[in-house]
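Trainee: I should like to go through the terms used for this model and the grounds for each of them.

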Number of protein chains: 2
Amino acid sequence: MEPSLDAYKAFVCAARTKSLSAAARELYLSQPTVTHHLQNLEACHGCRLFVRTRRGVTLTPEGKILYDYLSEALARIDEARDVLEAHRTLARGVVRVGATETTLHHFLLPRLRRFKETYPDIRLKIANGSTPGMLTDLDEGAIDFAVLVLAKEGLEGAYRTTPLAELRDVVIAGEKYRSALNGVTTLEQLADFPLICMTPGTLSRDHIEAVFRSEGLSLSPDMELATADLITPLVENGLGIGFVPHAFARDAIARRTVFEVQLEHPLPPRSICLVCSPAHPLSAAARAFTEMLTSQDKKQPAGT
Amino acid sequence: MEPSLDAYKAFVCAARTKSLSAAARELYLSQPTVTHHLQNLEACHGCRLFVRTRRGVTLTPEGKILYDYLSEALARIDEARDVLEAHRTLARGVVRVGATETTLHHFLLPRLRRFKETYPDIRLKIANGSTPGMLTDLDEGAIDFAVLVLAKEGLEGAYRTTPLAELRDVVIAGEKYRSALNGVTTLEQLADFPLICMTPGTLSRDHIEAVFRSEGLSLSPDMELATADLITPLVENGLGIGFVPHAFARDAIARRTVFEVQLEHPLPPRSICLVCSPAHPLSAAARAFTEMLTSQDKKQPAGT
DNA sequence: TTATAGTCATAGATAATATCAATAGGAGGA
DNA sequence: TCCTCCTATTGATATTATCTATGACTATAA
C-alpha cells in the first residue's frame with residue numbers, strides 16, 4: 001500500500017510544526033485526520049516516524065531522514081505548480097521564432113519590440129535562416145513557429161499557415177536606365193538588361209523564376225546576392241535592374257536614387273505567413289505572440 | 001482542488017511511455033483511470049498537458065515543464081523510501097557512540113569491531129571525552145548513546161542506564177613496596193604512601209575520594225594524571241601507589257612488575273553502563289548496537 | 001473494401017477511503 | 001482542584017478512485 005500525497009503533506013507539516021493539531025489547522029484538516037495519515041505512513045514504512053509526547057511530536061531518526069527527502073520533493077511539486085502558473089499567465093516563458101531576412105527586417109522587428117514591451121519577462125529566441133531551414137526547424141520542434149514569405153499557393157507538407165500581410169515585389173532601376181524603361185515594360189524587354197536578384201535556393205529567386213517561366217522566358221541574372229538588402233545599393237550605383245521586395249526599395253525610391261519599373265503584368269504578390277507545425281502545440285507564450293500577430297495585423301493590412 | 005500523487009504518477013508514466021494504455025499497464029490500472037487522472041491534472045492546472053493522437057500522446061510545452069519538475073519530485077520520493085528502507089534493514093546508517101578512555105579501551109573496542117563486522121555498511125562515530133561531556137552530548141542529541149563508568153548509585157537526570165559489566169578498581173604498587181604492603185592493608189595505612197590517581201573532575205577520582213570520605217579520610221595524592229593508562233607505568237617505576245581500574249593493571253600484574261594491594265575493604269565495584277537519553281529515540285542502527293551490547297554482555301558478565 | 005487492433009474518451013456502478021464530529025485519556029499550569 | 005492543550009479512537013458519512021462496458025476514431029492488414 002502506497003501513502004498518499006496528503007499523508008506526506010501532513011507528515012512534513014507536522015514535522016515542521018512539531019504538532020499534529022497545528023498541522024491540522026494549517027492544512028484545514030481535523031486533528032484525527034492528521035493522526036490517521038501519520039499512522040498510515042508509519043505502517044507503510046514499517047517504523048515509527050514520530051515520538052508522541054504530551055506537548056507535541058518529535059521526529060525519530062528515521063523520521064528525520066524521511067523529512068529531509070520529502071520536504072525536498074514537496075517543494076519541487078509546489079515549484080512545478082508555480083512555474084507552470086507563471087508560464088500560463090505569461091509571467092515567464094520563451095518564444096522561439098523562425099524568420100527570414102525579409103520578414104525579420106520589414107515585418108517582424110517592430111512586432112517583436114511590441115511583444116517584448118507587453119510581456120517583458122518572456123524571452124525571445126530568434127532563429128534566422130532560409131525558408132527550408134525554418135521548416136525543418138519547425139518539424140524538429142526547434143522553433144515554435146516561423147514567419148515566412150510564401151507564394152500564394154501556400155506550402156506542401158503538414159503546416160498550418162496564416163497569412164499576415166501581403167508582400168509586393170518590385171523591379172527597380174537606377175537613373176541611368178530611366179529613359180530606356182520609362183513606360184510600361186514587359187519582362188521580355190527587361191531580359192536584355194543586366195538583372196540583379198537573389199541566389200538560387202531562396203524563395204525570392206524561385207518566385208521571380210516562376211514568373212519568367214510563366215511568360216515563356218528564362219531568368220539569367222548578371223548578379224546574384226545572398227542577402228536582399230544588398231540589391232538596392234547595387235541598383236543605386238547603376239549596376240543593373242533589381243528584383244526586391246518593395247520594403248527593401250522604399251527608401252531609395254523616396255530618395256529618387258532608384259525608380260520602380262512599371263511592368264506590363266505586375267509581379268504577383270506574395271504573402272508573409274505565420275507557419276506552425278500541428279505536431280508541436282504552441283506554448284502559452286507562443287500562442288500569445290501568434291495571437292498578437294494575427295489579430296492586429298488583420299486591421300493594418302500591409303507591413304511593407 | 002489538489003491533484004493526487006497517483007495522478008502525478010500517471011502523468012509522469014504516461015509522459016515517459018507516450019501512451020495512456022501503456023501507463024495503465026505499467027501502473028496496474030485501467031486505461032480509463034489514467035485518462036481520468038490526466039483530465040483531473042489538466043483541470044487543476046488550467047491547461048492541456050498532452051496532445052492526444054491516434055497513436056498515443058505527446059506532451060505540450062506546458063506538459064514538458066510539469067514533467068521536468070514532477071519526475072524530479074517523484075524520484076525524490078522513491079529515494080526517500082529506499083533510504084529509509086536501507087536504514088531500517090541496517091544496510092546503511094550511523095551510530096554515534098560516546099565513550100570514556102576506560103570504557104573505550106577495555107570494553108567497547110572489541111565490541112565495536114564485532115559490530116563493524118556484522119554491519120559493515122553502518123558508519124561508526126566515536127566521541128571520546130569525559131563523562132559529563134558525554135552527558136551533555138547526549139542531551140543535545142550529538143551522540144546516540146554513551147558507554148560510561150558509573151558508581152552503583154546511577155545517575156541524576158533523565159537518563160536510561162543499563163549496566164553492561166562490572167568494573168573493579170584495584171590498588172597497585174611496585175616491588176619496592178611489597179614488604180611494606182604485604183598483608184591486608186587499610187586505607188589509613190595507604191595514606192602515608194605517595195598516591196597516584198586521576199585528576200579531579202573525573203568519575204574515577206570522585207569514586208576514590210568517596211571511598212576515602214566514607215572512612216573519614218581525605219585523599220591527597222602525590223601525582224594526578226589525566227589519562228588512566230599512564231598510572232600503571234608510573235607505579236611500575238616505583239613512583240607510588242596507584243588507583244586504577246583492574247583492566248589497566250592486568251598486564252603489569254601478570255608481568256609481576258606490580259602487585260595488587262589487598263585492602264581490608266575492597267574498593268566498591270562500579271558499573272560500565274549504557275546510557276541513553278529518553279528525549280532522543282534511537283535509530284535502527286543504534287538500536288542494533290545497543291541490543292548487541294545488552295544481549296551478549298549479560299552472558300559473559302565482566303569485560304575486565 | 002472490410003476486418004482488426006490499436007489509440008483515447010465517456011458513462012455508470014461499486015468499493016475503498018478520506019474526512020469529520022464526538023469522545024477518551026493524559027500531563028502540565030494556574 | 002480545574003482548565004487547557006496535547007494525541008488516539010470510534011463510527012458515521014460523503015467523496016472519489018476504480019472498474020467494466022462502450023463508443024469513436026485511425027492506421028494497418030486481409
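Mentor: By class, the surface near DNA strand C comprises six nonpolar, 10 polar and five charged residues. This is a predicted model in which local features need pLDDT of at least 70 and side-chain atom pairs count only at pLDDT 80 or more, while totals for chains, interfaces and linings use all residues. Residues are numbered from 1 along each chain as its sequence is written, and chains are lettered from A and ligands numbered from 1 in the order in which they are written.

Trainee: What makes a residue count as nonpolar, charged or polar?

Mentor: Ala, Val, Leu, Ile, Met, Phe, Trp, Tyr, Cys and Pro are nonpolar, Asp, Glu, Lys and Arg are charged, and the others, Gly among them, are polar. For DNA strand D the surface divides into six nonpolar, 10 polar and four charged residues.

Trainee: Which residues come nearest to DNA strand D, and what does "near" require?

Mentor: A residue is near a strand if its C-beta atom, placed from the backbone, lies within 6 Å of it. Of the 20 residues around DNA strand D, the nearest are L20(A), S21(A), P32(A), S30(B) and T33(B). The largest share of that surface, four residues, comes from α3(B), helices being DSSP runs of H or I with at least four residues, numbered from the N terminus.

Trainee: Why is A284(B) called buried?

Mentor: Buried means that 20 or more other C-beta atoms, placed from the backbone, lie within 10 Å of the residue's own; 12 or fewer means exposed, and anything in between partly exposed. A284(B) has 20 C-beta neighbours inside 10 Å and therefore counts as buried. A284(B) lies in helix α11 (residues 284–299) of chain B.

Trainee: How do you know that the span of helix α5 of chain B agrees with expectation?

Mentor: The expected span is 1.5 Å times one less than the number of residues. Helix α5 (residues 101–118) has 18 residues and should span 26 Å; its end C-alpha atoms are 24 Å apart, so the two agree. α5(B) nevertheless bends by about 60° at L108(B), with P110(B), a proline, following within four residues; the bend is the angle between axes fitted to the seven residues ending at a residue and the seven starting there.

Trainee: What relates chain B to chain A?

Mentor: A turn of 180° with a shift of 0.1 Å along the axis lays chain B on chain A with an RMSD of 0.1 Å, superposed by least squares on C-alpha atoms of residues with pLDDT of at least 70 in both. That is therefore the relation of a two-fold axis. In chain B, the C-alpha of A73(B) is nearest the axis, 2.2 Å from it.

Methods
Helix = DSSP H or I, 4+ residues; strand = E, 2+ residues; numbered from the N terminus.
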